[in-house]
Each structure stands twice: as structure tokens, then as C-alpha cells.
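Subject: Structure handover

Hello,

Here is the structure I promised to pass on. Please load it and keep it open while you read my notes below.

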Amino acid sequence: MKYSIIRFPGSNCDWDMFYTLQDVMNVTPVFVDYREEELPENTAAVFIPGGFSYGDYLRSGAIARFSPIMEAVKRFADSGRPVVGICNGFQVLTEAGLLPGALRRNDSLNFICKPQKLTVENSQTRFTSRFNLNQTVMFPIAHGEGNYYCDEDTLKKLESNQQILFRYQGNPNGSTDDIAGITNERGNVLGMMPHPERASDALLGGADGKLLFQSLIESVAQNI
Ligand SMILES: NC(=O)CC[C@H](N)C(=O)O
């Protein structure tokens, strides 16, 4: 089983993800170039890491979503298997239409880089089964375009389908309804602005993020 990490020109959290998967979680990560048209065989889950794909030109993620590999990522997601986008990865997934809504400039118009408290809003998913409901966790944030926006109807659907997995405590960027991380309706595609891979080892200042990787890896093992 491989855990595929997609690399675009400008990705910069690819090694953070690799380290977490290989050294902390003891699974097998593999980098996948954006020009590839297929994912490696035996891919168990796809990760789209943080960064500044194509220099964040036009809008974050707006160019990366046209990369050849994204067609394969869409097919993988359509088959119900897990796809996780962190930070720029979340931006790419909304631009690609795999997640609802959009990420806009932070309301302060400043880049924000700090540890951020979050509330776990749903602990009954393949990504969050190791957390407790309403648990407070600390994940770093580092973004200029993390202001999640969706219209009223979409927000109602996100809430009624329990697609909101994480909310900010003390909204740092103006996100609608304090939203920090959501899934698609089917529940197999996750996007979040905070970085669990940067909170996966006490040496990094905290290990709350490890729970997310544990949840996902267990669900893969159980074929959920
Ligand atoms: N760390 C990141 O992924 C940065 C995200 C994005 N490019 C932004 O600044 O909004």
C-alpha cells in the first residue's frame, strides 16, 4: 500500500508530509509528479500538500487544478477512496470542484503563520475517528488565502451532512462559520487549512495531528 503525495511546481510541504507518513506513521509514502497521468498502483490514499503551486498566481490552486495528475485524483476520489488536501491542497481541491466553496484572501489581507486552536466537530469519520467530539487540538496555520467561503445553501448542506470536521477557535482569517476543514458529501475527500503534518511529533511542538493520520491509516487497514 502506498500513500501518494502530489507535487506541483511550488509545493513546499511535500517533505513535511513524507516525514510524517514514513518516520512517524511507518507507512510508505511516494511522491507523484503533477505531470503524471496515473497514480501509482496500490495507492491507498492521496495527499495534496501545502505550498504555493504556480506561485499562487490568479488564485491559489487555480492553475494546479489543470495538471494532468488531477484527472487521476478525480477518478480516485470518484471511486470512494480517500483524498486529503492540506492548505494549498485544500485550495486545489476546491478549485478542482472536489470540495464545495472557495478559499479567499484572509480578511486582514496578511499572511498568518501561528499555532491555532481548533475544535473537532465530527469524530465519526475516517479522518477523525481517533479524536473526541469537541476536543480542542492545536495545529499550525500558515496561509494568505485561508478565508473559507460558501453560500448559505452550501453551508446548510455542510452542517446537515456533518461535513464540517474542524472549526477555528478565535477565527483567524474570516472564514464562514469558523470553518477550518470540511469533507465532500460522500465523506472521502477532506480539505483543511491547518497543518496536521506539522503537529505530528512532540519535537515539532505538538502531536495532535498524528490522530488524523492514525484515523485514516486505520480506516485504510479496515477497508472502510
Ligand atoms: N502553506 C500553504 O500551503 C500556503 C497556502 C497558500 N498558498 C496561501 O498562502 O494561502
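Is Asn134 buried or exposed? Asn134 is exposed, because just 9 other C-beta atoms lie within 10 Å of its own, and 12 or fewer counts as exposed. Keep in mind that this is a predicted model.

Backbone outliers
Asn134 sits in the loop between β6 (112-120) and β7 (136-143). Its phi is near 70 degrees, a positive value in a residue other than glycine. Most residues other than glycine have a negative phi. Tyr54 also has a positive phi, near 50 degrees. Tyr54 belongs to the loop between β3 and α2. Tyr54 has 20 C-beta neighbours inside 10 Å, so it counts as buried. Gly80, just after α2, takes a positive phi of about 90 degrees.

Annotated site
The unreviewed UniProt entry places the feature "active site" at Cys87, His195 and Glu197. These positions span 111 residues in sequence, yet no two of their C-alpha atoms are more than 10.9 Å apart, so they gather at one spot.

Cys87 lies in the loop between β4 (83-86) and α3 (88-95). Cys87 is buried, with 30 other C-beta atoms within 10 Å. Beyond four places in sequence, Cys87 is in contact with Cys13, Gly50, Ala142, His143, Met193 and His195.

His195 is in the loop between β11 (189-192) and α5 (210-221). His195 is buried too, with 24 C-beta neighbours inside 10 Å. Leaving aside neighbours within four places in sequence, the contacts of His195 include Cys13, Gly50, Cys87 and Ala142. Phe139, Pro140 and Ile86 are also among them.

Ligand shell
How many residues surround the ligand? There are 13, and the closest are Gly50, Cys87, Asn88, Gly144 and Glu145. By class, the shell has four nonpolar, seven polar and two charged residues. Cys87 thus links two topics: it is one of the closest residues to the ligand, and UniProt lists it under "active site".

Core
The largest nonpolar core has 58 residues. Ile6, Val46, Phe47, Val73, Val83 and Leu93 have the most contacts inside it. Helix α2 (residues 68-78) gives the largest share of this core, six residues. In soluble globular proteins, nonpolar side chains tend to be buried together. Ile6 touches Val32, Tyr34, Val46, Ile48, Ile69 and Val73, not counting residues up to four places away in sequence.

Helix α2
Which residues of α2 are buried? They are Ile69, Met70, Ala72, Val73, Phe76 and Ala77. They cover an arc of only 160 degrees around the axis, which puts them on the same side of α2. The cover over these buried residues includes β1 (2-7), β2 (29-33), β3 (43-48), β4 and β11. The face turned away from the buried side carries the exposed residues Pro68, Arg75 and Asp78.

Pro68 is part of α2. Pro68 counts as exposed, with 12 C-beta neighbours inside 10 Å. Not counting residues up to four places away in sequence, Pro68 touches Tyr34, Arg35, Glu36 and Glu37. Pro40 is 28 residues from Pro68 along the chain, and their C-alpha atoms are separated by 14 Å.

Best regards

Key
Residues numbered from 1 in each chain as written. Predicted model: local features only at pLDDT ≥ 70, side-chain atom pairs only at ≥ 80, totals over all residues. Near = placed C-beta within 6 Å. Nonpolar A, V, L, I, M, F, W, Y, C, P; charged D, E, K, R; others polar. Core = buried A, V, L, I, M, F, W, Y, C linked by C-beta atoms within 7 Å. Helix = DSSP H or I, 4+ residues; strand = E, 2+ residues; numbered from the N terminus. Contact = placed C-beta atoms within 7 Å. UniProt positions renumbered as here; feature names shortened; annotations may be inferred. Arc of directions from axis to C-beta.
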